[in-house]
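Me: I've got a fold to look over and want to talk through its holes and its helix packing. Can you take my questions one at a time?

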Amino acid sequence: MFKAIELRNFRSFEHITLDLTARGKIVDHALLYGENGSGKTNLAEAVSILRRSMEAHPGTEGLRRTVLAARAAGSEGPTVLRYEFTVDGRDAEYEIRYGEDGVLSMERLAYLLKDRIGRYFEIVREPEGVTEDDELSGIEIKVGRDLIPDGTYRRRVLREVRDSWGDHTLLSILCRDYGCLGDSMDTAVRPEMRRIVDTIRGVCVYSPRRGVSTDVTEGFDLVSGCIPSEDSRVLDAYSEAVSKFLSRLCTDIRGTHYAVSESDGILEYTLMVERRMNGEYRSIPAEDESTGVLKLVSMLPYLLECVRGGTAVLDEADSGIHEMMFRDLLMDVIGTEGRGQLIVTTHCIPLIQEIEPSSVFILRLSSLADKEISSIASICRTQKGHNNSMRYRDGLFDGVPYTGNVFIECIAEDLYEGLGAGR
């Protein structure tokens, strides 16, 4: 679970910290509110970059273009992403910094060792050491010997870091090797490292913004697609899960199934929704369903990952979904015993009244016109009898639009006058 996320020169943030602790304990569910365009999706993207930086190992495309696109416009200094989280109840901290060229300038992982934070590794690129001919000259590598006690593997990793670090992280190299080398990694690398990698792997992000969502279904599209015939069990499993999910949320949906055709060992499938229409149930392709139903289907795998113990970040999850349905769904997930951490950006105001004030966060402008994010418990004193949904709507916690009169008629008149009388 995340304890905190700190960002510098990232998207619309010069510097912001999301502190996910309250009274010394981690908040296991957090609802993030704020005006449109305030930066809620940027927080989800920052979590996505953590997961994707670990998966972008040598041999794959790095994140340079992604980081350059996410860099705050007109900013000076590095783009910094720092994550505090817990692994088996112990604190860990991972930080990555990118220069103005989108190349890594620092990577550091620290972990609680015998009641103190100890550095597992730190890699720094010195600006004065970088030349056009040798982009990776001047890097300083500090990797604790207790992290990689196996000498042979240690030498191989350090050589690969010298060859590829900058576009790729050391964490991505270790992640790849856990998948390729299997159990031998448990003797080559300190055992806690596998648990750190597994914890980050357990983080998933859902967002309507292109390129932000992480893959939790190993490339399987719940709505339509093609898979090998030997993977037909995947269709059976997801068909049952989606059927139970939608039939319990939508009164006029009885269930779902996949329409399947097979050719040359490939199954082509389409999700069909059994919906009641004109007094009878008819099968409708999910692709023709409403935006809300498609949104529910696409979110389901991320909710299930959270229920299994992972950390799920849902961005604009309530868009297109009835607020009462969304409230009931979120409260059901939050009430699940043994689940992981759930972080949601939302505009669903009724949920505020259902959630502890320490778990409701507002993204707003500070007195110095900088963006900050704080729980409503830290913004204003709250009591059990307070209607915090109404207090938020009234602007007590900020994070709501103050539009006044838009004068849309005047805008229309000016536009069509500018376009010419013939329009």
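What follows is a short back-and-forth on the cavities, the pocket and the packed helices of this predicted model.

Me: How many cavities of 30 Å³ or more does a search of the whole structure find?

Reply: The model is a predicted one, so take the holes as computed from it. The largest cavity holds about 60 Å³, and the second largest has about 50 Å³. With the cut-off at 30 Å³, the count for the whole structure is 3.

Me: What kinds of residue line the largest cavity, by class?

Reply: Its lining is made of M1, F2, L50, F85, T199, I200, V203 and T311. Threonine counts as polar, and Met, Phe, Leu, Ile and Val count as nonpolar. Sorted that way, the lining comes out as 6 nonpolar, 2 polar and no charged.

Me: Which element gives the largest share of the lining of the second largest cavity?

Reply: The residues around that cavity are I5, L18, L32, L43, A44, V47, V313, I343 and T345. Two elements give two or more residues each, α1 (40-55) and β17 (342-345). The largest share, 3 residues, comes from α1.

Me: And how does the lining of the second largest cavity split by class?

Reply: Among its residues are L18, V47 and T345. Leu and Val count as nonpolar, while Thr isn't on the nonpolar or charged lists and goes down as polar. The full split is 8 nonpolar, 1 polar and no charged.

Me: Now the open space: which element gives the most to the lining of the largest pocket?

Reply: The largest pocket has a volume of about 400 Å³. It's lined by 16 residues, and the closest to its centre are F245, L300, L329, D332 and V333. Elements that give two or more residues are α7, α8 and α9 (323-334). With 6 residues, the top contributor is α9.

Me: How many charged residues are in the lining of the largest pocket?

Reply: One of the residues closest to the centre is D332, and Asp counts as charged. Across the lining there are 11 nonpolar residues and 1 polar one, and the charged residues number 4.

Me: Are α7 and α8 parallel or oblique to each other?

Reply: The axes of α7 (residues 232-249) and α8 (residues 291-307) come within 11 Å and cross at roughly 125°. Roughly antiparallel needs an angle over 145 degrees, and roughly perpendicular runs from 65 to 115. The pair fits neither range, and therefore α7 and α8 are oblique.

Me: What's the class make-up of the contact of α7 with α8?

Reply: The crossing of α7 and α8 is right-handed. On the α7 side the contact uses A241, V242, F245, L246 and L249, and on the α8 side V293, L296, V297, L300 and L303. By class that gives no polar, no charged and 10 nonpolar.

Me: How does α4 lie relative to α6, roughly perpendicular or roughly parallel?

Reply: Helix α4 (residues 170-181) and helix α6 (residues 191-201) have axes 11 Å apart and pack at about 95°. Angles from 65 to 115 degrees count as roughly perpendicular. So α4 sits against α6 roughly perpendicular.

Me: How many charged residues are in the contact of α4 with α6?

Reply: α4 brings L171, L174, C175, Y178 and G179, and α6 brings M193, R194, V197, I200 and R201. Arg counts as charged. Next to 7 nonpolar and 1 polar, the charged number is 2.

Me: Last pair: how many charged residues are in the contact of α3 with α4?

Reply: The axes of α3 (residues 151-164) and α4 come within 10 Å and cross at roughly 130°, which makes α3 oblique to α4. Y153, R156, V157, E160, V161 and S164 of α3 meet L170, I173, L174, R176, D177 and L181 of α4. That contact has 7 nonpolar residues and 1 polar, and the charged ones number 4.

Notes:
Residues numbered from 1 in each chain as written. Predicted model: local features only at pLDDT ≥ 70, side-chain atom pairs only at ≥ 80, totals over all residues. Heavy atoms only, no water. 1 Å grid on protein atoms, 1.4 Å probe; cavity = no way out; pocket = protein on both sides within 12 Å on 5 of 7 lines; lining within 4 Å. Points joined across faces, edges and corners; volume = space filled by probe spheres on them. Helix = DSSP H or I, 4+ residues; strand = E, 2+ residues; numbered from the N terminus. Axes fitted to C-alpha atoms, helices over the stretch in contact; angles between N-to-C directions. Parallel < 35°, antiparallel > 145°, perpendicular 65-115°, else oblique. Left-handed = near helix turned anticlockwise from the far one by under 90°. Contact = heavy atoms within 4.5 Å.
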